[in-house]
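Biologist: I am new to this structure and would like a close look at one part of it. Could you take me through the packing of its interior, and show me how that part fits into the rest?

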Amino acid sequence: MDKAKTIALLNIAVADELQAVHQYMYFHFHLADQGFGPLAMLFKRIAIMEMGHIEGFAERVLFLKGDVSMVPSGPVEPITEPEAMLERAMAMEAESADAYNRAALACGENADSASKQLFEQVVNDEESHYDQFEKQRDNIKRFGPTYLDLQSFGPGEAVPPA
């Protein structure tokens, strides 16, 4: 097994997940500020799951006697429109699933089944995240701005008359 190759793949994944956490928390803050609580909480919940991915990848790097590089793969994009946020998040999840599938194959070819399984597990999570974001995006397209407008009212609050 070429540990250096696996460690490099794992550190790329750490960087991508860090970038996702930063981006999703940025989205969470802006959506909460706009009054879109449920969508804001979706981004926060998924950011927390991405933190768990970072932990898994980092633990594997350390097990392989490497050092964890804690540098995000890119800057936070200043997107504040909900539908554009969802589009960006879907693209990020699709890119991650593709990259982690390729990393899993590389780890398998490198006789590292533990890292391969870790990447495969995270692919399942990324595809689930994509699905959640896609459902929200599709609901906005289907129901229009009203879908998000209704989220601006807290539980038990009456919708003001038109």
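**A close look at the packed interior**

Modeller: Gladly! Let's begin with one residue, Leu148, which is buried, with a relative accessible area of 8%. Please keep in mind that this is a predicted model. You will find Leu148 in helix H5. Setting aside residues up to four places away in sequence, Leu148 touches Phe36, Leu39, Pro82 and Ile140. For a sense of distance, take Glu134, which is 14 residues from Leu148 along the chain: the C-alpha atoms of these two are separated by 15 Å.

Phe36 makes a good next stop. Its place is in the loop between H1 and H2, and with a relative accessible area of 10% Phe36 is buried. Not counting neighbours within four places in sequence, Phe36 is in contact with Leu31, Pro82, Leu148, Asp149 and Gln151. Pro82 therefore appears beside both of our residues: among the contacts of Leu148 and among those of Phe36. If you look from Phe36 to Thr6, 30 residues apart along the chain, you will find their C-alpha atoms separated by 40 Å.

Let's step back for the overall frame. The protein chain has five helices and zero strands, and reading along the sequence gives the pattern α-α-α-α-α. Its C-alpha atoms fill a box of roughly 65 × 25 × 25 Å along the principal axes. Of the 162 residues, 43% count as buried. Take the contacts between residues at least 6 apart in sequence: 79% of them join residues at least 24 apart.

Now to the interior itself. The largest nonpolar core has 43 residues, and Tyr24, Phe43, Phe57, Phe119 and Phe133 touch the most other members. The elements that give two or more residues to this core are helix H1 (3–33), helix H2 (37–63), helix H3 (82–109), helix H4 (113–143) and helix H5 (145–149). Helix H1 gives the most, with eleven residues.

Phe57 deserves a closer view. This residue is buried, with a relative accessible area of 0%. Apart from its neighbours within four places in sequence, Phe57 is in contact with Leu10, Ala13, Val14, Glu17, Tyr100, Leu118, Phe119 and Val122. One of those partners, Phe119, also counts as buried, at 0% relative accessibility.

Aromatic rings are a helpful thing to follow here. With ring centres within 6.5 Å counted as a pair, there are nine aromatic pairs. In one of them, the rings of Phe27 and Phe43 have their centres 5.2 Å apart and their planes at 75°, so this pair is edge-to-face. Phe27 lies in helix H1 and Phe43 in helix H2, so the pair ties together parts that are 16 residues apart in sequence. Both Phe27 and Phe43 are buried. Another pair brings us back to Phe57: with Phe119 it forms a tilted pair, 5.1 Å centre to centre and with 35° between the planes. Here Phe57 sits in helix H2 and Phe119 in helix H4, so the pair ties together parts that are 62 residues apart in sequence. There is also an aromatic cluster, formed by Tyr24, Tyr26, Phe27, Phe43 and Phe133.

To see how the interior compares with the outside, visit two loop residues. Lys65 is in the loop between H2 and H3 and is exposed, with a relative accessible area of 71%. Ala111 is in the loop between H3 and H4 and counts as exposed too, at 61% relative accessibility. Their backbones are worth a glance as well. Most residues other than glycine have a negative phi. Lys65, however, has a positive phi, near 70°, and Ala111 has a positive phi, near 60°.

Finally, here is the surface as a whole. The accessible surface of the protein chain comes to about 8,500 Å², and 58% of it belongs to carbon and sulfur atoms. The chain carries 13 positive and 26 negative charges, and the mean positions of the two groups are 4 Å apart.

So, as you turn the model, you might start at buried Leu148, go on to Phe36 in the loop between H1 and H2, and then look for the tilted pair of Phe57 and Phe119.

Technical notes: Residues numbered from 1 in each chain as written. Predicted model: local features only at pLDDT ≥ 70, side-chain atom pairs only at ≥ 80, totals over all residues. Heavy atoms only, no water. Helix = DSSP H or I, 4+ residues; strand = E, 2+ residues; numbered from the N terminus. Buried < 20%, exposed > 50% of the residue type's maximum accessible area, 1.4 Å probe, protein only. Contact = heavy atoms within 4.5 Å. Areas by Shrake-Rupley, 256 points an atom, 1.4 Å probe, with all protein chains shown as cover. Lys, Arg positive; Asp, Glu negative; His and termini not counted. Charge placed at Lys NZ, Arg CZ, Asp CG, Glu CD. Core = buried A, V, L, I, M, F, W, Y, C linked by side-chain atoms within 4.5 Å. Phe/Tyr/Trp six-rings, centres within 6.5 Å; stacked < 30°, edge-to-face > 60°.
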